[in-house]
Amino acid sequence: VYVQETKLPPAEKMMDRMISANPHNRPGRPCIGAQEGMIFSDVRLHIAVALREKNPYAFRPDLFTDDVAPNAEQLDAIAAAKAIAKVRYASRAPLRNANHLQFLPHLAHSLCDLMGGTAIYDRVSGSVWLADELGAELGKNNNANRPALHVNVAWVPGEEGTGHVRTRGLRKRGLPEVETYPVPADQEVIATGLMIKLAHEALRTGELPETQTMSDFDCEFIVELERAGPIRQARIKRKMTT
């Protein structure tokens, strides 16, 4: 979270902003319940501040990965920050639930409010948000445990009229990322749509079956994943009807 303040607020203030004073609470629909609130005391949660003067490279979007491309307004927001509030929740074993997916976006926006945040960079999904953009998204729907806030699916052009589709964000559920084998460029829309469905379902369920059947454009497709590797290769086949 790119911020103006150079010190973290007291834990009590963060908890209050997250729970009782959360502006995105709805009657009968609090943003952070008892289960999510327990993450505050979880040793796997780490929050720290990195100053711009000591970490200049963290403020250079040109050093982000190739598939992260902030727009002009986001670049200005990053440039205006004096520090980064770094939030990390890491587990060596896959988690039994997805409470952290609800917790972390609300924590990021709370830090924006308390520390003069300007932008948020999600390193796992490769997403960049303005503070107001994330606030508006949570204002429309305070359920932060949804794929739109956590995963990206992108088409990557290749050579000789081909390309592939890859996911970012599935690691948040302890799953490997997925990348298709090269497909013809004129199949970009179909391949991307199928991978979006696959990624969103994987984030919701925490499961990534080796074979899935999906429908799109009035056709059925079979998506087969390789069994091993930090990135699962996906082969897309059209299901023939008889």
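1. A strand here is a DSSP run of E with at least two residues, and strands are numbered from the N terminus. Keep that in your pocket for Cys-219, which is found in strand S11, residues 219-225. One more thing before we go on: this is a predicted model.

2. Let's stay with Cys-219 for a moment. Is this residue buried, exposed or partly exposed? Cys-219 has a relative accessible area of 26%, and because partly exposed covers what lies between under 20% and over 50%, that is the label it gets. Not counting residues up to four places away in sequence, Cys-219 touches Met-214 and Arg-238. Have a look at Lys-239 too: it is 20 residues from Cys-219 along the chain, and the C-alpha atoms of the two are separated by 7.5 Å.

3. Next, a pair of helices. Two packed helices are described by the angle between their axes and the distance between the axes. For helix H1 (residues 11-18) and helix H4 (residues 99-115), the angle is about 115 degrees and the axes are 9 Å apart. The crossing of H1 past H4 is right-handed. On the H1 side, the contact is made by Lys-13, Met-14, Arg-17 and Met-18. H4 brings a list of its own, including Phe-103, His-106, Leu-107 and Asp-113. Sorted by class, this contact has six nonpolar, three polar and three charged residues.

4. Now for the pockets. The largest pocket has a volume of about 1400 Å³. Which residues are the closest to its centre? Of the 42 residues that line this pocket, those are Val-87, Arg-88, Asp-122, Arg-123 and Val-124. Strand S3 (83-89), H4 and strand S4 (119-122) are the elements that give two or more residues to the lining. S3 supplies the largest share, six residues. By class, the lining of the largest pocket has 26 nonpolar, eight polar and eight charged residues.

5. The second largest pocket has a volume of about 270 Å³. Among the residues that line it are Gln-35, Met-38, Asp-42, Tyr-89, Arg-96 and His-100. How do the lining residues of this second largest pocket divide by class? There are four nonpolar, four polar and three charged ones.

6. Glu-160 deserves a flag. Most residues other than glycine have a negative phi. Glu-160 is not a glycine, yet its phi is positive, at about 55 degrees. You'll find Glu-160 in the loop between strand S6 (152-157) and strand S7 (162-168). With a relative accessible area of 80%, Glu-160 is over the 50% mark and therefore counts as exposed.

7. Compare that with another glutamate, Glu-137, which is found in helix H5 (residues 131-140). Why does Glu-137 count as buried? Its relative accessible area is 19%, and buried means under 20%, so the label fits. Leaving aside neighbours within four places in sequence, Glu-137 is in contact with Trp-129, Arg-146 and Leu-149.

8. Last stop: His-164, which lies in strand S7. His-164 is buried as well, because its relative accessible area of 17% is under 20%. What does His-164 contact, leaving aside its neighbours within four places in sequence? The list is Ala-154, Trp-155, Val-156, Glu-179, Thr-180 and Tyr-181. Try finding S7 in the model and picking out these partners of His-164.

Conventions: Residues are numbered from 1 along each chain as its sequence is written. This is a predicted model: local features need pLDDT of at least 70, side-chain atom pairs count only at pLDDT 80 or more; totals for chains, interfaces and linings use all residues. Side-chain values use heavy atoms; hydrogens and water are left out. Axes are lines fitted to C-alpha atoms, for helices over the stretch in contact, and angles run from 0 to 180 degrees between N-to-C directions. Helices (H or I, at least four residues) and strands (E, at least two) are DSSP runs, numbered from the N terminus. A crossing is left-handed if the near helix is turned anticlockwise from the far one by less than a right angle, and right-handed if clockwise. Contact means heavy atoms within 4.5 Å. Ala, Val, Leu, Ile, Met, Phe, Trp, Tyr, Cys and Pro count as nonpolar, Asp, Glu, Lys and Arg as charged, and the others, Gly among them, as polar. On a 1 Å grid over the protein atoms alone, a cavity is a set of points where a 1.4 Å probe fits but cannot get out, and a pocket is an open set with protein on both sides within 12 Å along at least five of seven lines; lining residues have an atom within 4 Å of a point. Grid points are joined across faces, edges and corners, and a volume is the space filled by probe spheres set on the points. Buried means under 20% relative accessible area, exposed over 50%, partly exposed in between (1.4 Å probe, protein chains only).
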